Each structure stands twice: as structure tokens, then as C-alpha cells.
Amino acid sequence: MVQLSTVEGFVCGGLAGCTAVTFSNPAEVAKTRMQLQGELMKSGGQKAYRNVIDVFVKTWKNEGIRGVQRGLGPAYFYQVALNGCRLGLYEPFRKWSNSRLGYSPAQQVMLTSMGAGSLSTVVGSCLGNPLFLVKTRMQAYSPALPVGTQRCYHHAWHAFSTIVREEGVKGLVRGWDAAVLRGAIGGSVQLPSYIWSKNQLVRHGLGDPNSTWTFLMSSAIAGVILCLVMQPADTTLTRMYNQPTTKGPDGRTVGLLYKNPIDCLWKTLKAEGILGWYKGTTAHFLRIAPHTIITLTSYDLIVRMYLRTRHRSDS
């Protein structure tokens with residue numbers, strides 16, 4: 001990995017994430033709606049969408065480009081927080097862990113790589129939780145074919161102000177525990193699997209370490225692994241964010257469906273079976289594969305361009 005300061009890594013990571021989410025957001029909208037369809041219904045309920053392609057077609061037909069790209073505004077800022085931390089803090093965390101355990105900073109150790117990936121993603125998930133909350137609720141809303149709890153936010157700022165007014169400031173951190181679970185699982189495999197895949201391709205002579213082909217193949221492998229591992233936690237997060245809320249006798253706003261991520265996983269399993277955890281998997285893959293490819297590939301390209309520019313300015 002190229003040597004960057006933490007701030008430089010944060011900025012480059014944020015730019016890479018914003019580049020990726022521009023293309024992956026429509027699949028995120030489809031994934032969110034598929035995950036909420038038939039929520040806690042044993043029979044699956046009446047389905048508004050047959051599959052992910054049906055979501056794309058009906059959303060475009062009924063809502064246009066605005067529907068296909070719902071939640072893109074907060075998604076940009078979330079990517080800055082998440083990928084800025086995930087990519088910018090990964091190397092400092094990994095090197096610190098290596099030094100504490102007696103390994104060379106340059107050595108790739110599975111334990112420290114997974115730990116650094118998980119910790120850096122958890123930090124980003126916590127910082128970006130209010131943005132992910134707003135994004136999910138905006139993407140779930142459909143004036144034509146509603147699924148799940150519907151909240152009509154006109155824009156991101158309206159969403160923030162409405163949540164604070166109706167649920168209090170604590171409403172902005174709703175679902176943080178599910179976000180931490182998702183971030184810990186996803187972060188522990190995405191970047192380490194990308195680096196491992198890249199090293200294997202180079203070691204076996206299947207790619208040059210600085211070629212775009214190597215970046216693309218490594219990112220694709222990491223995307224497949226991430227999708228398979230993270231899907232149940234991702235479904236849980238979507239449902240925790242979007243569940244209806246009410247004020248209890250003590251004045252606290254609580255969710256009506258789930259108390260915590262484990263409760264959500266258990267209730268989903270009881271009502272919908274294990275396949276309920278994997279609702280929206282196809283849409284998730286269509287989102288996570290290109291998102292991972294574009295994020296990690298553009299990160300490497302942005303870093304290379306930045307270092308060339310910095311080198312010219314220093315010389």
C-alpha cells in the first residue's frame with residue numbers, strides 16, 4: 001500500500017466512495033425495497049416487486065430518475081465518512097497492530113488486517129450513522145408502490161429536522177448497534193480480501209501490481225466475498241432503520257418491531273425463515289460488486305494521481 005498521511009488517506013477514500021456511489025445507488029434503492037418487502041410475514045405478503053429487475057423497471061416507470069437515485073445526497077456524505085475512515089485509517093490501524101504484536105509494519109498479517117479493517121469501518125459507520133439512517137428511509141419511500149414504513153422526506157435536511165422533532169436527537173443514532181455489527185463484519189473482510197487477492201494475482205504472475213486489470217480483478221473478488229458474508233447484517237440494518245417508532249410511557253422513542261439487531265435477526269428467522277436474512281441478495285450483489293470495484297480501483301487511481309501531483313509540486 002502507498003504511504004499516505006491519515007488526512008490524505010481520508011480525503012482520497014472519501015472521493016473514491018463518492019465516485020462509486022454515483023453508479024451503485026440505484027441498486028441500493030432496489031436492495032432496500034426488496035429487504036423491506038414482506039417484512040415479518042410468514043407467507044411473504046402481497047409482493048409489489050417480483051425481483052430486482054422488476055424494482056428497477058417499476059421505479060423508473062413510476063418515479064423516474066429521482067426515484068432511481070433516491071437518497072443520493074446523504075449517500076455522498078455517508079461515503080465521505082465511511083470510506084474516508086475505512087481507507088484512511090486502515091493502514092495506521094494495521095501498522096499499529098503489527099508493531100504491538102511484533103510484526104514488521106510492511107508485513108500483511110491476516111489477524112491484524114482483519115482487525116484494522118473491522119475497526120476502521122466501525123469508526124466510519126458510527127460517524128455516518130445519521131446519514132445512513134436518512135438515506136435508508138428516503139430510499140424506502142415510494143409514492144407508487146410502498147413497502148415497509150413510509151416517510152415522505154422532501155430532502156435530506158428535511159429528514160434530519162423531522163427526525164429530531166419527532167424522535168429527538170437520539171433518533172439520529174437509531175440503529176447504531178446494527179450499523180456497528182454490519183461495519184465490523186464488512187470491514188473485516190473487504191479491504192483485507194482485496195489486498196490478499198491483489199497480492200495473489202501479482203505473486204502468480206496474473207497481473208502487474210500497478211495495472212488497472214489487477215485493481216478490477218482484486219475488487220471483484222473482494223465484492224463477492226463481502227456480499228456473501230454481510231447480507232444478514234445488511235438486511236437487519238435496513239429494517240432497524242426503517243421500522244416504525246412510538247413514544248413510550250417514559251417519553252423515550254422506541255421501535256415498534258425490533259429491540260436490537262439480535263432481536264431483528266431472530267424475528268426475521270422465525271417469521272420468514274433463513275431466506276428472510278437473504279432478501280435482496282441479488283440487488284445487494286449488483287450494488288456491492290460494482291461499488292467495491294469502483295471504490296477500491298478509483299482509490300488506487302486517485303492515490304497514484306495525487307502522489308504524482310505531489311511529487312511534481314515538491315520537485
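These are my notebook entries on a predicted model, covering cores, salt bridges, cysteines and a surface patch.

**Cores**

I started with the nonpolar interior. The largest nonpolar core has 19 residues, and V134, I163, L237 and Y241 have the most contacts inside it. I then asked which elements give two or more residues to this core. They are α3 (72-88), α5 (110-140), α6 (156-167), α7 and α8. The most comes from α5, with 5 residues. There is also a second, separate core of 14 residues, and I noted Y90, A116, F215 and I302 among its members.

I looked up Y241 on its own. Leaving out neighbours within four places in sequence, Y241 is in contact with N129, F132, L133, T136, R137, R151, R174, G175 and A179.

**Salt bridges**

How many salt bridges does the structure hold? I got 18. I went through three pairs and one network.

R310 and E8 meet through their side chains at 2.8 Å, N to O. R310 sits in helix α10 and E8 in helix α1, so this pair ties together parts that are 302 residues apart in sequence. R310 is partly exposed at 29% relative accessibility, while E8 is buried at 17%.

E167 pairs with R137, with the closest N and O atoms 2.9 Å apart. This one links helix α6, where E167 lies, to R137 in helix α5, 30 residues apart. Are E167 and R137 buried or exposed? Both are buried.

K267 and D263 form a salt bridge at 3.3 Å, N to O. They are 4 residues apart in helix α9 (residues 261-272), so about one helical turn separates them. K267 comes out partly exposed, with a relative accessible area of 28%, and D263 is buried at 12%.

The network links E28, K31, K135, R182, D234 and R287 through salt bridges.

**R182**

I picked R182 out of that network for another look. Its place is helix α7 (residues 176-203). R182 counts as buried because its relative accessible area is 8%, under the 20% cut-off. Setting aside neighbours within four places in sequence, R182 is in contact with Y78, F132, M230, A233, D234, L237 and R287. So D234 and R287 turn up both as contacts of R182 and as members of the salt-bridge network.

**Q37**

Q37 is in the loop between α1 (6-36) and α2 (52-68). It's a loop residue, but I get a relative accessible area of 6%, so Q37 is buried. Not counting residues up to four places away in sequence, it touches K47, A48, Y49, V147, R239 and K279. I also took one C-alpha separation: Q37 and L191, 154 residues apart along the chain, are 31 Å from each other.

**Cysteines**

I counted 0 disulfides. Why is C264 not bonded to C227? The sulfur of C227 is the closest cysteine sulfur to that of C264, but at 18 Å it is too far for a bond. C264 itself is buried, at 0% relative accessibility. C152 is partly exposed at 42%.

**Surface patch**

Last entry: the outside. I221, V224, I225, L228, V229, F285 and L286 form a nonpolar patch on the surface, together about 540 Å² of accessible area. Both α8 (212-242) and α10 (281-314) give two or more residues to the patch, and α8 has the largest share with 5 residues. I checked L228, which is in helix α8. L228 is exposed, at 60% relative accessible area.

Definitions and conventions:
Residues are numbered from 1 along each chain as its sequence is written. This is a predicted model: local features need pLDDT of at least 70, side-chain atom pairs count only at pLDDT 80 or more; totals for chains, interfaces and linings use all residues. Side-chain values use heavy atoms; hydrogens and water are left out. Buried means under 20% relative accessible area, exposed over 50%, partly exposed in between (1.4 Å probe, protein chains only). Contact means heavy atoms within 4.5 Å. Patches are made of residues with over 30% relative accessible area and no salt bridge: like charges are joined within 9 Å, nonpolar side chains (Val, Leu, Ile, Met, Phe, Trp, Tyr) within 5 Å. Accessible areas come from the Shrake-Rupley method with a 1.4 Å probe; for residues, only the protein chains shown count as cover. A salt bridge is a side-chain nitrogen of Lys or Arg within 4 Å of a carboxyl oxygen of Asp or Glu. A disulfide is a pair of cysteine sulfur atoms within 2.5 Å. A nonpolar core is a set of buried Ala, Val, Leu, Ile, Met, Phe, Trp, Tyr and Cys residues joined through side-chain atoms within 4.5 Å.
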